[in-house]
Amino acid sequence: MSLLTLRDISLAFGAAPLLDHVSLTLERGERVCVVGRNGEGKSTLLKVVEGLLQPDSGEVVRLGGLRSASLPQEVPVGLGGSVFAVVASGLGDIAATLTRYHELSEACAHGDTTLLGELQRVQERLEAGGGWSLSTRVEQVLSRLQLDGEADFASLSGGRKRRVLLARALVGEPDILLLDEPTNHLDISSITWMEEFFRSYPGTLLFITHDRAFLQALATRIIELDRGVLRDFPCTYVQYLERKQQQLEAEAQANALFDKKLAQEEVWIRQGIKARRTRNEGRVRALKDLRLERAARRERSGNVQMAIGEAERSGKLVLEAVNISLTLGGRRIIDDFSATVMRGDKIGLIGDNGVGKTTLVRALLGDIPVDAGTVRHGTKIEVAYFDQLRAQLDPEKSVLDNVVQGSDFIEVDGGRKHVLAYLQDFLFSPQRSRTPVKALSGGERNRLLLARLFTRPANLLVMDEPTNDLDVETLELLEELLVNYNGTLLLISHDRAFLNNVVSSTWAFEGEGKIREYIGGYDDWLRQRTAPVKPEPVPAREKVEVATPAATLSDKPRKKLSYKEQRELDAIPGQIAALEAEQAMLQEKLADPGFFARAAQEATDVSQRLSAIEDELLGLLERWEKLENS
């Protein structure tokens, strides 16, 4: 039986409905991705599924006892406390009692015996409410997602916060998990971790993403929301693109035939009195119906029209860094880095959030002085900078005023254009062009920043996370523009498909300020790099037994291992040591640059074996932890 069914759902907030007689069925174990242009109503659809919005008409049928949970697009403002408390809040009313027990047990374990009485009372409330099984569930989720329950949530990075929020959603064991842009603002390592996690997730996923690599890896089915209509594509993303193109071509052909017929009938009605004779009344009524049908047709919104105003060609040498180093706040950001950037190079910068990618770019541009080494600029360099924080936009001013100051025309790519026409190329209507920036969505702000950026002639384009919040169609147009750009590009991005399609070389941040250059995009970097060792998972927090006047859960004796389990436990350290020795030997082989040239196939086999070893090690560590804690 289906988990959830939407039947003939309609919902509108304005003249045109976001959901126009939509039907949808979700089955157990599916991973369904919702795709569509910005503003089409994808987030609205998820809110209807979750029950946060009621449709204007239609029926929502849920399986009895259905549980759903969501991972929000943004980290909630003001959310604080320990990681344990945040995760436990996903359990509902019992969460406060469970969190208080956690705090009291920690305090008693550190010698505060004055709290023993309150600890006993909290334990009794937990026992009455079945809280012990829920406490175990929180610990299991923390262990599974490699989280430290004692850590302060507010001090975590953005990626770790998203992981904690995912744990909060999972702890309630939902039947349907809803994800709205889960990869937004995450670095590549966080995205790939999330991708691997959801590949093995047993529940049903309904998610929105514009990350094409994430979509292709996860989705078992794609549903598209376009002009209020929901279409189902039970296929991969690549197959969806082919079928979508066929559907658009068929739609265009049908519309062309319809418009031709309407035009012919309009000519006929204007021929004079014979068109209004009684015997032609049926034809007149049919023409009226054609007019109504044409008026009701919702045209597909246009694509962004982008063009970069290219400045005079720079010199052949654009930038040169020789043995530069930089330390900020006591942390080594750049350690003895050298590179040469030539005219026409397209370079991608990859690394975890906070590792120093933006700092490196600013040091190369001369905005930040380096501690050691030299940075040399070529001749005739004109820089255009796309700022991921959108600090170049004034939120109080209108869209129009953020692009021009008191002028009606702008010079773009050698031509003169009215500013309203230029903004329409970026899908801003004349009315929307007069809207304050603070009222725009994330996708609209990114489009505005692109519109502002491309009014400035440049031969060195620096783009810091330009893909956040952009829909797939706009991403692909931006890709095409950058591929055909004749100038030089420095691109910071966590979008793997975007990097693969645009850049010709990659600077990878490999820790402790070390930056290495690789030929090609993200996938090429994966093939060339030395395979990293996965960190050991953070074990579940050990419970500290606290002596209390009444019997507690911690008084229960540990379950004795069987003979077979004890033998297995004794053998695990030796197995881990053997795998780590093999891992070290294979990594030493891959560290030799000539190894790939001498034996390409063997190098491929070694890389695959390293990946397998990592999985085996992770499995052994998890089994070791389970046996020791049983």
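Start by selecting the open sheet of this predicted model, in which six strands are arranged in the order β5-β6-β7-β3-β8-β9 with mixed pairing. The edges are held by β5 (68-71) and β9 (229-233), each of which has a single partner strand, so one side of each is left without a neighbour in the sheet. If you look from one strand to the next, the twist averages 20 degrees.

Next, select β5 by itself and display its side chains, which alternate along the strand: Ala69 and Leu71 point to one face and are buried, whereas Ser68 and Ser70 point to the other face and are not buried. Adding β6 to the selection shows a parallel pairing with β5 over four bridges, and within this pairing Leu71 has Leu179 of β6 as its bridge partner.

Move on to strand β3 (residues 31-35) and strand β8 (residues 221-226), which also pair in the parallel sense, over four bridges. Cys33 can be found opposite Ile222 in β8. Then add helix α1 (residues 42-50), which lies across β3, β5, β6 (176-180), β7 (204-208), β8 and β9 and runs at about 155 degrees to β6.

While β8 and β9 are still in view, select Arg221 and Asp232, which form a salt bridge whose closest N and O atoms are 2.9 Å apart. Arg221 belongs to strand β8 and Asp232 to strand β9, so the pair ties together parts that are 11 residues apart in sequence. Are the two partners buried or exposed, or something in between? Arg221 is buried, with a relative accessible area of 8%, while Asp232 is partly exposed, with a relative accessible area of 42%. A further salt bridge joins Asp226 to Arg227, with the closest N and O atoms 2.8 Å apart; here Asp226 is buried at 4% relative accessibility, and Arg227 is buried with a relative accessible area of 10%.

Now go to strand β1 (residues 4-11), which is mostly covered, since six of its eight residues are buried. β1 runs antiparallel to strand β4 (residues 57-62), to which five bridges join it, and Arg7 has Glu59 of β4 as its bridge partner. Five bridges also join β1 to strand β2 (residues 19-26), again antiparallel, and there Leu6 stands opposite Leu24 in β2.

For a helix, select α6 (residues 158-170), whose 13 residues should span 18 Å at 1.5 Å a residue, which agrees with the 18 Å between its end C-alpha atoms. This helix is mostly covered, with 10 of its 13 residues buried, including Lys161, Arg162, Val164 and Leu165.

The next selection is His377, which is found in strand β13 (residues 372-377) and counts as partly exposed at 39% relative accessibility. Among the residues that His377 touches are Val318, Leu319 and Gly366, and its side chain reaches the backbone oxygen of Leu364 at 2.7 Å. The C-alpha atoms of His377 and Ala321 are separated by 8.9 Å, although these residues are 56 apart along the chain. Also in this part of the tour, Glu320 forms a salt bridge with Arg376, the closest N and O atoms being 2.8 Å apart. Glu320 lies in strand β10 (residues 317-328) and Arg376 in strand β13, so the pair ties together parts that are 56 residues apart in sequence.

Finish with Glu195, Glu196, Arg199, Asp211 and Arg496, which are linked in a network of salt bridges; across the whole structure, a search finds 23 salt bridges.

Terms used
Residues are numbered from 1 along each chain as its sequence is written. This is a predicted model: local features need pLDDT of at least 70, side-chain atom pairs count only at pLDDT 80 or more; totals for chains, interfaces and linings use all residues. Side-chain values use heavy atoms; hydrogens and water are left out. Two strands pair if DSSP finds at least two bridges between them. Helices (H or I, at least four residues) and strands (E, at least two) are DSSP runs, numbered from the N terminus. Axes are lines fitted to C-alpha atoms, for helices over the stretch in contact, and angles run from 0 to 180 degrees between N-to-C directions. Contact means heavy atoms within 4.5 Å. Buried means under 20% relative accessible area, exposed over 50%, partly exposed in between (1.4 Å probe, protein chains only). A polar contact is a pair of N or O atoms within 3.5 Å; within protein, one must be able to donate a hydrogen and the other to accept it, and residues adjacent in sequence count only if both atoms are side-chain atoms. The expected span of a helix is 1.5 Å times one less than its number of residues. A salt bridge is a side-chain nitrogen of Lys or Arg within 4 Å of a carboxyl oxygen of Asp or Glu. Lists of a residue's contacts leave out its neighbours within four places in sequence.
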